[in-house]
Amino acid sequence: MLQQNFTRAYEAAKTFAGEPKGWLILVGPSGSGKTHLACAIASFRLNQGQSAFYIGAADLLDHLRSAFSPSSEVAYDELFERVRNTPLLILDDLTMTATTPWAKGKLEQLLDYRFNMRLPTVITTDTPIDDFDEGLRGHLADSEICRVYVIRGKSTLTLEHLGSIDLEALRRKAFANYDYKLANLSPEERQSLEQAYRNAVNFAKSPEGWLVFMGVNGCGKTHLAAAIANSLRQEGKSVLFIVVTDLLDYLRSTFNPESRVSYDELFERIKKTPVLILDDFGEQSATSWAQEKLYQLINYRYNARLATVITTCLSLDEIESRISSRMVDPSLSLVLRINAPDYRGDIKAPKARETKSQQRYARRNR
């Protein structure tokens, strides 16, 4: 029964990713696979050259609060307009508990607008639909626009599934279909991609040390990281490819009394895996707990000199200093800045909105 619940949600997410219409609501306890499916939808849309805006509800509220700051690069009204009008919004971990009246009002205003405008939206939550306030409950229960899938019980994801790069878009990533000679690139951009490509190939042949890919969304970082993973797997070598948001979500799930894997056991397996690939480092929520877990993971692998690949849209000064200082240690790590635009080329469809971090990174490298 548990597997059937997840399978139905999986098929619904796959269908939605192909043609986003209405709202897709994924309800279930921590670790049930909700965030994994939401990230898969975002990944699929981006790989198709379409727009997708993924954000955790708590992170969204943090960004909106920070926009009130005089030093903010984006005005509050501008930021809120971007979020509520984005062609596809993926709002992870929605909850109305333990929120201030201001936060609750902003979330209701956002969702009311998207509901009335019939804008495609994905919501994940561990809160039963009946527990939401009447206004939002009425939206989520509207069968004309919303499809609700409840994933019950224990997590259906294992560590092997989480790191198996089983999503079709990632399975197709290979060195053979990575083109660093795109016609629309400048010589400098082409050289940047070629350098990243050659170092990725060398790492796959002999995974030693750390390889850090930095650059804006779509520049080819994840393609190279997945190509490394696929190449090593074809040779029968052990490798774990994990999107950092999925990693943190899965670690949290092990605190669930019904979890089949203890937290200590899981964390030890991730820390000590021979080759670890961490995709989208730094885009996750910057809670104290998340920062500490990531530091523990990075610090262990640094001291143990275990082969690691990291991709990030952030610059080094935007990453916590305890971690960035280890990333740049020349005795262990090679940092490659990919100074190229969207690797997918000249796409006519709307692209995903860049984060403030990506915008600052792009400006510095123009």
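**Exercise 1. Take stock of the whole chain.**
Task: How many helices and strands does the protein chain have, and what percentage of its residues count as buried?

Solution.
- Step 1: Start with the secondary structure: this predicted model has 15 helices and 10 strands.
- Step 2: Turn to burial. The chain has 366 residues, and 53% of them count as buried.
- Step 3: Look at the surface. About 16,700 Å² is exposed, with carbon and sulfur atoms supplying 49% of that area.
- Step 4: Check the contacts. Among those with a separation of 6 or more, 80% join residues 24 or more positions apart.

**Exercise 2. Follow helix H2.**
Task: Why is H2 described as largely enclosed by the rest of the structure?

Solution.
- Step 1: Find the helix. H2 covers residues 34–47, which makes 14 residues.
- Step 2: Compare its span with the expected one. From first C-alpha to last, H2 reaches 20 Å, close to the 20 Å expected at 1.5 Å a residue.
- Step 3: List buried residues, including Lys34, His36, Cys39, Ile41 and Arg45.
- Step 4: Conclude. Because 11 of the 14 residues of H2 are buried, the helix is largely enclosed by the rest of the structure.
- Step 5: Glance just past the end of H2, where Gly49 takes a positive phi of about 80°.

**Exercise 3. Explore the largest nonpolar core.**
Task: Which residues does Ile228 touch, leaving out those up to four places away in sequence?

Solution.
- Step 1: Locate the core. The largest nonpolar core has 33 residues, and Ile228 is one of those with the most contacts inside it, along with Phe175, Phe213, Leu224, Ile277, Val309 and Ile338.
- Step 2: See which elements build it. Those giving two or more residues are helices H9 and H10 and strands S6, S7, S8 and S9.
- Step 3: Read off the neighbours of Ile228: Phe175, Ala200, Phe203, Ala204, Leu211, Phe213, Ile277 and Val309.
- Step 4: Note that another core lies apart from this one; it has 29 residues, among them Val244, Leu276, Ile298 and Met327.

**Exercise 4. Test a cysteine pair.**
Task: Why is the sulfur of Cys313 not bonded to that of Cys219?

Solution.
- Step 1: Recall that a disulfide is a covalent bond between the sulfur atoms of two cysteines.
- Step 2: Use the cut-off: the two sulfur atoms must be within 2.5 Å.
- Step 3: Apply it. The sulfur of Cys313 is 7.1 Å from that of Cys219, its closest cysteine sulfur, so the gap is too far for a bond.
- Step 4: Add the surroundings. Cys219 is buried at a relative accessible area of 0%, and Cys313 counts as buried at 2%.
- Step 5: Finish with the total: the count of disulfides is 0.

Note on methods. Residues numbered from 1 in each chain as written. Predicted model: local features only at pLDDT ≥ 70, side-chain atom pairs only at ≥ 80, totals over all residues. Heavy atoms only, no water. Core = buried A, V, L, I, M, F, W, Y, C linked by side-chain atoms within 4.5 Å. Buried < 20%, exposed > 50% of the residue type's maximum accessible area, 1.4 Å probe, protein only. Helix = DSSP H or I, 4+ residues; strand = E, 2+ residues; numbered from the N terminus. Contact = heavy atoms within 4.5 Å. Areas by Shrake-Rupley, 256 points an atom, 1.4 Å probe, with all protein chains shown as cover. Expected span 1.5 Å × (residues − 1).
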